[in-house]
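Trainee: Got a minute to go through this model with me? I'd like to start with the ligand site.
Mentor: Sure, pull it up.

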Amino acid sequence: MASVTKLKTIEDSGPRRREKPAVDPATLEHKHLLDGDFWRRIPAYADVTEEQFLDHKWQAKKSITKPKKLLESLEGLVSDSFIEDVSRGFRRSPMSVRVSPYLLSLIDWDDPYNDPLRIQFIPVGSRLLSNHPEVGLDSLHEQADSPVPGLTHRYSDKALFLALDTCPVYCRFCTRSYAVGTDTEEVEKVQLKVNAQRWEAVFDYIRSRPELEDIVISGGDSYQLRAEQIRTIGMTLLEMDNVRRMRFATKGPAVMPQKILTDHAWADALTDVAQRGRKLHKEVVVHTHFNAPREITSITRAAMDKLFERGITVRNQTVLQRGVNDSIDSMQLLVKRLAYCNVHPYYVYVHDLVQGVEDLRTSVDTALTIEKHVRGYTAGFNTPTFVVDAPGGGGKRDAHSFEHYNRETGISVYTAPSVKDGFFFYYDPLHALSDDAQARWQDPAERAKMKSAALAAAKQGR
Ligand code: SF4
């Protein structure tokens, strides 16, 4: 009788296999996008049809640009004391106001103080904090690195073209509050209007610099460019031998995705430039700016699907903000939701040192903690790099790459050998520091001592 050889099964050899239980689809929160006629919750939009709500012209026309109008639309939704608080917030804000009906509809007006969208766009006086002593207008020194008006040339092969100075929304935290929007009680703006002569000077400069391969078209915001202006800029740059890549930067998809769906001329112009770029083996992409998971709805997904079908890559740059996305859960959800809509999470910025929004800033330490939990949560190519845009023009530095970081004083020091000589200081917000450290920052002599100690430590690599 033939002997029967018992085959060893995988279970018999080595450690037991672990089978992951299937996840309950209901728990996959990133896939649950707001749908239906959610805007009808707002009394002013109760009778608005889907067709109207999806029409970008209606969204633009009904966008609120005057604090008084905004306060009128909030009547009945929020308490009088909240309205009074918002009025005080506007009086102290360096930014203009512009809020689309879409955005207004996404805010939870039952809890406006803690809503991540309200926090970003509508200031309330009672939450504002004094600026850190080192905060200033144009902390990134964009104007100092500007060879012609509206063009910043900082990195060797890349330039930033500020084509115009308006946006589909005005964000409280805008780094470019020195130029974007109209003058406010706090700030008189640098003018960067659409102007053929200014644009020609920018094009001439880019053409004259063989090292420039990468152009970011921003503003303001590319959403505000007319279709023919998208074409003019795109095709002019594509014809330059030196230009290999361009990105149209826009916050539009986060605040008015309707435009991509219903402004056919604009979407076609972008598509034509991208197609022409592909023929010339040059990359044309969109860079956008979602900060909170709730900004992504089923309308967003439809808009991103349309760009995806047309072969247009979209990447996202997030700003880390207190109460908006400064928790592990919210950042993980944002990253997964972006990827679900084919938007690549590219950067998370530690908040720039912007005037008037100290309440929004977080510490470098917060960024490092969140990054640790985001990395590994999804595929590497969908994992954003957490950066500090080094104040003073050092450019984006990996948040972990400081030469020195003192969590007690909140000072981190970076170097940027391929961008600019010297040391670049970032300062955690005072609210993240101990009472003792906050008191030291109020004293100019102590301030100087803390900074020189940080510099000495950075030079010694401590
Ligand atoms: S959309 Fe961009 S440029 Fe415009 S206000 Fe917001 S952050 Fe500033």
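Trainee: Which residues are around the ligand?
Mentor: Met95, Cys167, Val169, Tyr170, Cys171, Cys174, Val180, Gly220, Asp221 and Lys251. A residue makes that list if one of its heavy atoms lies within 4 Å of the ligand. Keep in mind that this is a predicted model: local features need pLDDT of at least 70, side-chain atom pairs count only at pLDDT 80 or more, and totals for chains, interfaces and linings use all residues. Residues are numbered from 1 along each chain as its sequence is written, and side-chain values use heavy atoms, with hydrogens and water left out.

Trainee: How does the shell around the ligand divide into nonpolar, polar and charged?
Mentor: There are 7 nonpolar, 1 polar and 2 charged residues. Here Ala, Val, Leu, Ile, Met, Phe, Trp, Tyr, Cys and Pro count as nonpolar, Asp, Glu, Lys and Arg as charged, and the others, Gly among them, as polar.

Trainee: Where does Gly220 lie?
Mentor: In the loop between E3 and H8. The peptide bond leading into Gly220 from Gly219 is cis, with omega near 25°. Those labels are DSSP runs numbered from the N terminus: helices (H or I) have at least four residues, strands (E) at least two.

Trainee: OK, the sheet next. What order do the strands come in?
Mentor: E1-E2-E3-E4-E5-E6-E7-E8-E9, so 9 strands in an open sheet with mixed pairing. Two strands pair if DSSP finds at least two bridges between them. At the edges are E1 and strand E9 (395–398), each pairing on one side only.

Trainee: And what packs on the sheet?
Mentor: Helix H8 (residues 227–238) does, touching E2, strand E3 (214–218), strand E4 (245–249) and strand E5 (283–288). The direction of H8 makes about 160° with that of E4. Axes are lines fitted to C-alpha atoms, for helices over the stretch in contact (heavy atoms within 4.5 Å), and angles run from 0 to 180 degrees between N-to-C directions.

Trainee: Is E5 mostly covered or mostly open?
Mentor: Mostly covered: 5 of its 6 residues are buried. Buried means under 20% relative accessible area, exposed over 50%, partly exposed in between, with a 1.4 Å probe and protein chains only. E5 runs parallel to E4, joined by 5 bridges, and parallel to strand E6 (residues 314–320), joined by 3 bridges. Val286 in E5 stands opposite Phe248 and also opposite Val314 in E6.

Trainee: How about Thr318, buried or exposed?
Mentor: Buried, with a relative accessible area of 3%. Thr318 is found in strand E6, and its side chain reaches the backbone oxygen of Phe290 at 2.9 Å. Leaving aside neighbours within four places in sequence, the contacts of Thr318 include Asn291, Met331, Leu334 and Tyr347.

Trainee: Changing topic: what does the side chain of Arg154 make a polar contact with?
Mentor: With the side chain of Asp145, at 2.9 Å. A polar contact is a pair of N or O atoms within 3.5 Å; within protein, one must be able to donate a hydrogen and the other to accept it, and residues adjacent in sequence count only if both atoms are side-chain atoms. Arg154 is buried, at 16% relative accessible area.

Trainee: Last one: what is phi of His281 near?
Mentor: Near 60°, a positive value in a residue other than glycine. His281 is exposed, with a relative accessible area of 63%.
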